[in-house]
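Hi,

Here is the structure we talked about, ready for you to open. Have a look at it first, and then read on for what turned up.

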Amino acid sequence: MRIFQLQRPTRFSTQLRQWGGLLCLVGLLVWMLTGASNAQATSSSNHVTLPPVVLDKAQDRVPLAQRSLFWVDPTGTLSAQEVAQQQDRLPFAVRGPKHRLLIGAEAVLWVRFETWVKDTSAHWEVELTHSGIDLVSLYYQHPNGDWHAQHAGDSIPVRDWASPDRYPVFALDARTDAPTTYWVRIQHARVPFSGELFVHRHSHLREQRITQQFMLGAYFGMALLLTVVAVVNALVFRDLSFAAYAVYITVLGLTLAASLGVGGQFLWPHSARWNGLSEFVLLPMVAVTGLLFVRHVVQPRRIGRWLDRLSLTLAGVLMVLTAWDVFRPSSETLLAITTAGALTMVLVYAMLWTAWRTGDRWVRWIALGILPVLMTGTLPILRNFDLMSWGFLSQYGMVIAAAIEAPLLIYGLLQRSSMQHEAQTRAQALALTEPLTGLTNRHNGMLRLHDSLVRAQRYKHHIALLLIDLDNHAWFEEEHGREVADRALVLTGSLLRSVARDVDNAARVDNSSFMLLMEGPVRAAQAVAAATSIVAGGLRPSYQLPVGATLRFKVVLALLPKNDLDLQQDARAHLEWMRSSLDELRKDKRRNIQTLNV
């Protein structure tokens with residue numbers, strides 16, 4: 001892994017401003033693509049009437065945009081019956097698509113619509129496609145004058161909702177003899193409200209939920225699996241990067257579960273307080289854990305301590321603001337958290353861009369993984385700043401981005417871990433292997449030879465020992481230099497590994513000599529065939545050697561232990577006995593293989 005180059009703070013500050021401008025541009029483009037224009041009332045009249053929505057067999061889903069009226073009660077004190085009685089005097093206006101409104105802490109939004117059921121075989125429901133609503137209630141009046149109410153929202157445990165679901169869902173009246181007027185009361189403080197109302201046939205809504213739950217389950221299942229993989233890697237390799245990844249992915253998954261209503265439906269259906277706080281707490285925590293994850297992996301202190309301190313300071317500020325917002329919630333604290341979150345995203349952009357320029361592949365995989373979440377992370381910021389309405393992209397954009405991010409991040413971390421542990425593995429292997437050729441070093445080769453001699457004497461069989469010398473190694477070094485001579489040794493090691501069986505062992509003895517230990521029981525013909533294969537393999541031309549050059553070997557082989565020699569189990573004595581024969585063979589220019597007792 002390369003060491004990041006130091007850059008002057010002035011240049012980095014320029015890059016920071018550039019990325020800040022790019023973030024604003026991305027947010028503006030997302031706003032334009034999602035139709036962020038706020039569709040306000042199309043009529044200024046105090047009394048607006050709309051025809052009832054006819055529910056028959058021809059339709060399964062009816063949007064209530066342009067089919068409903070809205071009015072904001074600034075005091076929030078009127079009941080549904082009072083609003084119905086005063087509707088002719090109240091300034092109701094048509095609620096269009098992408099309608100966005102900041103209701104306020106004390107105010108209440110009233111939405112009025114009428115339906116006329118023509119299909120008696122179906123059960124109809126109205127859905128508010130927005131999670132995190134403080135309180136939403138549906139009212140309608142029975143023919144006998146009694147009012148029927150249904151409630152949902154974060155101030156009520158999901159299990160106690162009129163219809164426990166991801167989003168608020170209410171049943172409509174089944175009467176078919178006349179239209180029914182419905183009043184939807186919505187309390188939603190601090191965050192702009194832009195939820196859409198839809199009337200569904202019950203069977204259609206259930207099919208839609210099954211599809212949605214299947215897709216969301218695929219993501220959450222993948223996230224859980226990758227989290228387990230990260231935890232296992234963190235424990236096995238003792239790598240904190242995987243632990244930081246596991247924490248980040250877990251917090252991100254919980255945040256998405258809270259924002260999509262899955263958490264309230266399945267994870268905490270009994271807790272109304274946490275259902276209301278979860279999104280306000282978890283979303284800033286995603287920014288904190290993401291920032292700390294990138295800081296740990298990229299290590300910005302290599303660029304400058306000021307950047308490292310800035311990331312820690314910003315993470316601390318976000319945590320303090322989040323804690324303050326839990327105990328003293330207000331529009332000002334939410335605005336401060338949103339601003340700090342935007343600054344966090346700019347800082348992460350800057351760290352990733354600086355790391356990208358190092359050229360490390362694993363850094364680029366991590367940057368590519370985080371980029372989709374950074375881009376879609378602008379959506380909650382734009383929504384909190386009242387610049388974007390609730391829609392498909394704002395609902396599922398981060399889920400799609402997170403599904404892309406999770407496998408890319410784990411792959412990048414595995415690449416990083418592989419590079420780090422490769423050096424450690426090589427360092428540990430130096431105790432057993434010779435660094436240039438990768439063969440067993442002399443010390444461990446002699447230990448293997450001693451153990452083989454002990455087993456051969458115990459079980460009354462022979463082993464074969466081949467002592468190989470690269471005869472033209474000195475010529476390579478004199479004529480072509482040390483690099484080519486070392487390359488010839490590496491090729492020799494590769495050739496010996498290809499000739500050796502699984503149970504055999506090849507070792508480097510000295511500068512140009514090697515030995516191949518063939519475990520017994522072994523026959524003389526096998527040892528001679530191995531020696532012949534080594535000599536013939538060296539004579540084959542190789543593009544890694546100078547043109548016309550080949551590897552010329554001298555091989556001495558023997559079957560051990562030799563009964564007429566009093567060498568017993570002395571591996572060094574056997575090797576010196578064969579080395580003396582190798583010295584004699586070097587003087588013979590016509591012979592390449594010498595057998596001692598075969």
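Let me start inside: the second largest cavity has a volume of about 130 Å³. Keep in mind throughout that this is a predicted model. That cavity has 13 lining residues, and S259, E279, R383, S394 and M398 are the ones nearest its centre. Four helices, α4 (240-259), α6, α10 and α11 (392-429), each put at least two residues into the lining. The biggest contributor is α11, with four residues. By class, the lining of this second largest cavity splits into seven nonpolar, four polar and two charged residues.

How many cavities of 30 Å³ or more does the structure hold? There are five. The largest of them encloses about 630 Å³ of space. Its lining runs to 38 residues, and if you want to find the middle on screen, go to L283, P284, G377, P380 and I381, the closest to its centre. The elements giving two or more residues to this lining are α6 (272-298), α8 (331-356), α9 (361-376) and α10 (378-384). Here α6 gives the most, with twelve residues. The lining of the largest cavity has 23 nonpolar residues, along with twelve polar and three charged ones.

Now for the open spaces. The largest pocket has about 350 Å³ of space. Of its 14 lining residues, D134, R190, G276, L277 and F280 sit closest to the centre. Two elements, α6 and α7 (305-327), give two or more residues to the pocket lining. The largest share is again from α6, which supplies five residues. Seven of the pocket's lining residues are nonpolar, two are polar and five are charged.

Further along the chain there is a helix pair to look at. Helix α14 (residues 482-499) packs against helix α15 (residues 524-539) at an angle of about 145°, and the axes are 10 Å apart. The crossing of α14 past α15 is right-handed. On the α14 side the contact is made by L495, L496 and V499, which meet A530, S533, I534, G537 and G538 of α15. Sorted by class, the residues of this contact are five nonpolar, three polar and no charged.

A few single residues are also worth a click:

- L465 is in strand β12 (residues 463-470). L465 counts as buried because its relative accessibility is 0%, and the cut-off is under 20%. Apart from neighbours within four places in sequence, L465 contacts L449, M515, L516, L517, V556, L557, A558, L560 and M578. The A558 partner is 93 residues away along the chain, yet the C-alpha atoms of L465 and A558 are separated by 5.6 Å.
- Q594 belongs to strand β16 (residues 593-595). With 18% relative accessibility, Q594 counts as buried too. Leaving out residues up to four places away in sequence, Q594 touches V555, V556, L557, S581 and L585.
- T129 sits in the loop between β6 (124-128) and β7 (135-141). Is T129 buried or exposed? T129 is buried, at 9% relative accessibility. Residues touching T129, not counting those up to four places away in sequence, are Y167, G195, E196, F198, W390 and Q395.

Last, some backbone oddities. Most residues other than glycine have a negative phi, and most peptide bonds are trans. Which residues are joined by cis peptide bonds? One such bond joins G520 and P521, with omega about 0°. P521 is in the loop between β14 (513-518) and α15. Another cis bond joins L560 and P561, with omega about -5°. P561 is in the loop between β15 (553-560) and α16 (571-586).

As for phi, R238 has a positive value near 55°. R238 is placed in the loop between α3 (202-237) and α4. With a relative accessible area of 77%, R238 is exposed. D386 also has a positive phi, near 60°. D386 lies in the loop between α10 and α11. At a relative accessible area of 31%, D386 is partly exposed.

Cheers

Terms used: Residues are numbered from 1 along each chain as its sequence is written. This is a predicted model: local features need pLDDT of at least 70, side-chain atom pairs count only at pLDDT 80 or more; totals for chains, interfaces and linings use all residues. Side-chain values use heavy atoms; hydrogens and water are left out. Axes are lines fitted to C-alpha atoms, for helices over the stretch in contact, and angles run from 0 to 180 degrees between N-to-C directions. A crossing is left-handed if the near helix is turned anticlockwise from the far one by less than a right angle, and right-handed if clockwise. Contact means heavy atoms within 4.5 Å. Ala, Val, Leu, Ile, Met, Phe, Trp, Tyr, Cys and Pro count as nonpolar, Asp, Glu, Lys and Arg as charged, and the others, Gly among them, as polar. On a 1 Å grid over the protein atoms alone, a cavity is a set of points where a 1.4 Å probe fits but cannot get out, and a pocket is an open set with protein on both sides within 12 Å along at least five of seven lines; lining residues have an atom within 4 Å of a point. Grid points are joined across faces, edges and corners, and a volume is the space filled by probe spheres set on the points. Buried means under 20% relative accessible area, exposed over 50%, partly exposed in between (1.4 Å probe, protein chains only).
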